Amino acid sequence: MLLRIKKVPEFKDLPTPKFMTEGSVGMDLYAAIEEEIILKPFERKLIPTGILIELPCGYEAQIRPRSGLANKYGVTLVNTPGTIDWDYRGEIKVIMINLGNEDFKINRADRIAQMVFNKVEIPIIEEVEYIESTERGSGGFGSTGK
């Protein structure tokens with residue numbers, strides 16, 4: 001899979017997103033901001049990453065929280081995983097939320113999220129009057145036990 005990345009002109013100096021280790025599946029994304037942002041407890045803000053991507057047809061990118069930020073500071077993402085569709089060409093932005101008790105500072109070029117890639121299947125839709133039953137049926141929301 002080839003991933004084409006375009007940087008927003010005013011943030012060309014930021015690091016290009018990359019995998020931090022040979023075994024990483026999440027590519028780190030950076031805060032593309034001019035000035036420090038303070039995220040107060042239980043506050044959420046949309047943070048730009050300064051990149052646009054061109055995914056091949058049949059792929060998606062998932063935006064996920066960084067485990068270190070969640071563990072150390074209680075900072076995570078609101079919609080996780082966030083899905084970037086293959087045909088989206090706008091700047092990638094992440095909705096960060098501070099679930100911690102202290103203000104959290106976001107600085108230019110801080111690693112704020114990670115991006116994971118998946119091949120996806122697009123189904124052919126067929127509307128029907130009947131679907132096959134299963135042993136489970138419509139049981140959900142804990143119906144199979146704790």
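# A tour from the sheet to the salt bridges

Select Ile63 to start: its bridge partner in E12 is Met115. Keep in mind that this is a predicted model.

**Stop 1: the open sheet**

Now show E7 and E12 whole. They run antiparallel and are joined by six bridges. Widen the selection to the sheet around them. Five strands make up this open sheet, in the order E2-E3-E12-E7-E9, and the pairing is antiparallel. Which strands stand at the edges? E2 and E9 (82-84) do; each has a single partner strand, so one side of each is left without a neighbour in the sheet.

Step from E7 to E9. This antiparallel pair is held over three bridges. Pick Ala61 and look across: Ile84 in E9 stands opposite.

Go back to E12 and take its other flank, E3. E3 and E12 pair antiparallel over four bridges. Here Tyr30 is the residue to select, with Arg111 of E12 opposite.

**Stop 2: the nonpolar core**

Select Ile47, Ile63, Met96, Ile106 and Met115. These have the most contacts inside the largest nonpolar core, which has 25 residues. Colour the contributing strands next. At least two core residues come from each of E3, E4, E6 (51-54), E7, E8 (75-77), E10, E11 and E12. Which strand supplies the largest share? E12 does, with four residues. In soluble globular proteins, nonpolar side chains tend to be buried together.

Zoom in on Ile106. Beyond its neighbours within four places in sequence, Ile106 is in contact with Ala31, Ile33, Glu36, Ile37, Leu39, Ile47, Met96 and Ile112.

**Stop 3: Pro48 in E5**

Move to Pro48, in strand E5. Measure from its C-alpha to that of Ala31: the separation is 6.1 Å, for residues 17 apart along the chain. Show the surroundings too. Leaving out residues up to four places away in sequence, Pro48 touches Tyr30, Ala31, Ala32, Ile33, Glu91, Ile92, Lys93 and Ile112. Tyr30 is the residue seen earlier opposite Arg111.

**Stop 4: a surface patch**

Stay on E5 and select Leu46, which lies in that strand. Is Leu46 buried or exposed? Its relative accessible area is 52%, so Leu46 counts as exposed. Add Val78 and Ile95 to the selection. With Leu46 they form a nonpolar patch on the surface, and together the three have about 240 Å² of accessible area.

**Stop 5: the salt bridges**

Seven salt bridges are found in the whole structure. Side chains of opposite charge can pair when their charged atoms come close. Visit three of the pairs.

*Arg108 and Asp13.* Their closest N and O atoms are 2.7 Å apart. Arg108 sits in the loop between E11 (104-106) and E12 (111-119), and Asp13 in the loop between E1 (4-7) and E2 (18-19), so this salt bridge ties together parts 95 residues apart in sequence. Switch on the surface to compare the two ends. Arg108 is partly exposed, at 28% relative accessibility. Asp13 is exposed, at 56%. Then add Glu34: Asp13, Glu34 and Arg108 are linked in a network of salt bridges.

*Arg66 and Asp28.* This salt bridge spans 3.8 Å, N to O. The two residues are 38 apart: Arg66 is in the loop between E7 (59-64) and helix H1 (67-73), while Asp28 is in strand E3 (residues 27-30). Is Asp28 buried or exposed? Asp28 has 5% relative accessibility, so it counts as buried.

*Asp103 and Lys40.* The closest N and O atoms of this salt bridge lie 3.6 Å apart. Asp103 is in the loop between E10 (93-98) and E11, and Lys40 in the loop between E4 (37-39) and E5 (44-48), so the pair ties together parts 63 residues apart in sequence. Both ends are partly exposed: Asp103 has a relative accessible area of 45%, and Lys40 has 44%.

**Last stop: around Asp103**

Keep Asp103 selected and show its contacts. Neighbours within four places in sequence aside, they are Ile38, Leu39, Lys40, Pro41 and Asn98. Of these, Leu39 also appears among the contacts of Ile106. Finish with a distance to Ala32: the C-alpha atoms of Asp103 and Ala32 are separated by 19 Å, with their positions 71 residues apart along the chain.

Methods:
Residues are numbered from 1 along each chain as its sequence is written. This is a predicted model: local features need pLDDT of at least 70, side-chain atom pairs count only at pLDDT 80 or more; totals for chains, interfaces and linings use all residues. Side-chain values use heavy atoms; hydrogens and water are left out. A salt bridge is a side-chain nitrogen of Lys or Arg within 4 Å of a carboxyl oxygen of Asp or Glu. Buried means under 20% relative accessible area, exposed over 50%, partly exposed in between (1.4 Å probe, protein chains only). A nonpolar core is a set of buried Ala, Val, Leu, Ile, Met, Phe, Trp, Tyr and Cys residues joined through side-chain atoms within 4.5 Å. Contact means heavy atoms within 4.5 Å. Patches are made of residues with over 30% relative accessible area and no salt bridge: like charges are joined within 9 Å, nonpolar side chains (Val, Leu, Ile, Met, Phe, Trp, Tyr) within 5 Å. Accessible areas come from the Shrake-Rupley method with a 1.4 Å probe; for residues, only the protein chains shown count as cover. Two strands pair if DSSP finds at least two bridges between them.
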